[in-house]
Amino acid sequence: HSKTQDMQRDYYLNQKKTLEINPRHPLIKELLRRVEDNPADKSASDMAVMMYNTATLRSGYSLKDTVNFAQQIEAMMRQTLGVDADELVDEEEEITDEEPPEEDDDDEEEEEDDEEEEEEVEEDAPKDEL
């Protein structure tokens, strides 16, 4: 039975793909308006590519260039959030291997003492026989 499923899957994957565009969708309307105003609008071109990639993913297909897709998403997020495209990630602070403060050591010793006391109480308690 699994061979039948594989044959059906292969059949559908090898069929010609069709991209349907809804001309009434607000994003398509805005994209058309921008292209009509300025055919060389880079943001309109980027949005068209993003729409195509998103439709590809929604349809269950994988993208050939996932790195470029991720970079486009980051660029969109930076633009939307007002973060400069050239702003770099802050460096991590270097953590030194210093010993923890002595207060922490005392707390650990107290916890160990408490655990030992609990064990002693458990040993002294009578054992129930079933």
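**View 1. The buried residues of helix 4 in this predicted model.** Start with F69, Q72 and R78, which are the buried residues of helix 4. What do these buried residues pack against? Their partner is helix 3. Helix 4 itself covers residues 66-81, 16 residues in total. From first C-alpha to last, helix 4 reaches 22 Å, close to the 22 Å you'd expect at 1.5 Å a residue. Right after helix 4 comes G82, with a positive phi near 75 degrees.

**View 2. Helix 2 packed on helix 3.** When two helices pack, people describe the pair by the angle between the axes and the distance between them. Here, helix 2 (residues 26-37) and helix 3 (residues 42-58) pack at about 145 degrees, and their axes sit 9 Å apart. As for handedness, the crossing of these two helices is left-handed. Which residues make the contact? On the helix 2 side, look for L27, I28, L31, R34 and V35. Helix 3 answers with S43, A44, M47, A48 and M51. Sorted by class, that contact has eight nonpolar residues, plus one polar and one charged. While you're looking at this view, a handy reminder: an α-helix has 3.6 residues a turn, so residues three or four places apart point the same way.

**View 3. T56, a residue of helix 3.** Is T56 buried or exposed? T56 counts as buried, because its relative accessibility is 15% and the cut-off for buried is under 20%. Now for the company T56 keeps: set aside the neighbours within four places in sequence, and T56 is in contact with Y61, S62 and L63. So T56 belongs to helix 3 by place, and helix 3 is also what the buried residues of helix 4 pack against.

**View 4. Pulling back to the whole protein, with its five helices.** How many strands go with the helices? Zero: the protein has five helices and no strands. Reading along the sequence gives you α-α-α-α-α. Of its 130 residues, 8% count as buried, and F69, Q72 and R78 in helix 4 are buried. The exposed surface comes to about 13000 Å², with carbon and sulfur atoms supplying 48% of it. Finally, a word on contacts along the chain: take those between residues at least 6 apart in sequence, and 21% of them join residues at least 24 apart.

Definitions and conventions:
Residues are numbered from 1 along each chain as its sequence is written. This is a predicted model: local features need pLDDT of at least 70, side-chain atom pairs count only at pLDDT 80 or more; totals for chains, interfaces and linings use all residues. Side-chain values use heavy atoms; hydrogens and water are left out. Axes are lines fitted to C-alpha atoms, for helices over the stretch in contact, and angles run from 0 to 180 degrees between N-to-C directions. Helices (H or I, at least four residues) and strands (E, at least two) are DSSP runs, numbered from the N terminus. A crossing is left-handed if the near helix is turned anticlockwise from the far one by less than a right angle, and right-handed if clockwise. Contact means heavy atoms within 4.5 Å. Ala, Val, Leu, Ile, Met, Phe, Trp, Tyr, Cys and Pro count as nonpolar, Asp, Glu, Lys and Arg as charged, and the others, Gly among them, as polar. The expected span of a helix is 1.5 Å times one less than its number of residues. Buried means under 20% relative accessible area, exposed over 50%, partly exposed in between (1.4 Å probe, protein chains only). Accessible areas come from the Shrake-Rupley method with a 1.4 Å probe; for residues, only the protein chains shown count as cover.
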